[in-house]
Amino acid sequence: MNRSSRPSAAVERNTEVRGFGFLVLVLSAFLICVGVPVSQAQTGEPEEIFREAVELYKQADYTGTIELLEELQRNGYGSFPVHYNLGNAYYKNGELAKSILHYERALLHDPGNEDVLHNLKVVRARARDRLEPVPLLFFVRWWNDIKDAVTAETLFILSVLLLWILAAALFVFFGYRRILIRRIALVI
């Protein structure tokens, strides 16, 4: 009799654990579903905040624009338009260093953007300190030029072509016994 009562107690404890796990799952799902709209209601939608910041910029309220765009950035919405407009607002507000910072960040999102490059040149011309960037080493400049000029598709085609050349050279090197042909394959 003693043995028959043990499995039923274990089953009851196991049922209690399952019930507790199910309760935790249901409460977690409820909090996630209810918590997301509450947090969005507190901060507002990012698009609405951005539109409001643009309207404040049009009304020449640059500090209000900066506050809203900085809030977007703190919430993880640091995209090209946010940094570009932050650069513009800081420039209009007379904070040139922060303007340069945000134009540089905008360039990270969209390298080569003509508007950002022009604005950055204008802000640097107005900056009092005139800090000149340290020139890059020649091979770093070369690497950056190649990286900016070549697309991923071109790199893929080039790597496949070089792989085929390597395979052909290895075939010739290991496939022929003549020393002259093997040396030519080794050079390739």
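A residue counts as buried when its relative accessible area is under 20%, as exposed when that area is over 50%, and as partly exposed in between. The close-up views below are taken from a predicted model.

**View 1. Glu-95 and Lys-98 are joined by a salt bridge between their side chains.** With a relative accessibility of 29%, Glu-95 falls between the two limits and therefore counts as partly exposed. Its partner Lys-98 is also partly exposed, with a relative accessible area of 41%. The salt bridge between Glu-95 and Lys-98 has an N to O distance of 3.8 Å, and it belongs to a set of three salt bridges held by the structure. Side chains of opposite charge can pair when their charged atoms come close.

**View 2. Glu-104 and Arg-124 form a salt bridge in which the closest N and O atoms are 2.2 Å apart.** This pair links distant parts of the chain, since Glu-104 belongs to helix H5 and Arg-124 to helix H6, with their positions 20 residues apart in the count. Glu-104 is partly exposed, its relative accessible area being 31%, and Arg-124 is likewise partly exposed, with a value of 39%.

**View 3. Within helix H2, the side chains of Glu-55 and Lys-58 meet in a salt bridge.** Here the N to O distance is 3.9 Å, and the two residues, both in the helix that spans residues 46-58, stand three residues apart, which is about one turn of the helix. Glu-55 is partly exposed, with a relative accessible area of 41%, whereas Lys-58, at 61%, is exposed.

**View 4. Asn-113 is placed in the loop between helix H5 (96-109) and helix H6 (114-126).** The relative accessible area of Asn-113 is 15%, and this residue is therefore buried. Its side chain is joined to the side chain of Asp-110 by a polar contact of 2.9 Å. When residues up to four places away in sequence are not counted, Asn-113 touches Phe-80 and Leu-107.

**View 5. Leu-155, Leu-158, Leu-161, Leu-162 and Ile-165 make a nonpolar patch on the surface.** The area of this patch is about 450 Å². One of its residues, Ile-165, is found in helix H8, which covers residues 152-175, and Ile-165 is partly exposed, with a relative accessible area of 39%.

Terms used:
Residues numbered from 1 in each chain as written. Predicted model: local features only at pLDDT ≥ 70, side-chain atom pairs only at ≥ 80, totals over all residues. Heavy atoms only, no water. Patch = residues over 30% accessible without salt bridge, like charges linked within 9 Å, V, L, I, M, F, W, Y side chains within 5 Å. Areas by Shrake-Rupley, 256 points an atom, 1.4 Å probe, with all protein chains shown as cover. Salt bridge = Lys/Arg side-chain N within 4 Å of Asp/Glu carboxyl O. Helix = DSSP H or I, 4+ residues; strand = E, 2+ residues; numbered from the N terminus. Buried < 20%, exposed > 50% of the residue type's maximum accessible area, 1.4 Å probe, protein only. Polar contact = N/O pair within 3.5 Å; in protein donor to acceptor, adjacent residues only side chain to side chain. Contact = heavy atoms within 4.5 Å.
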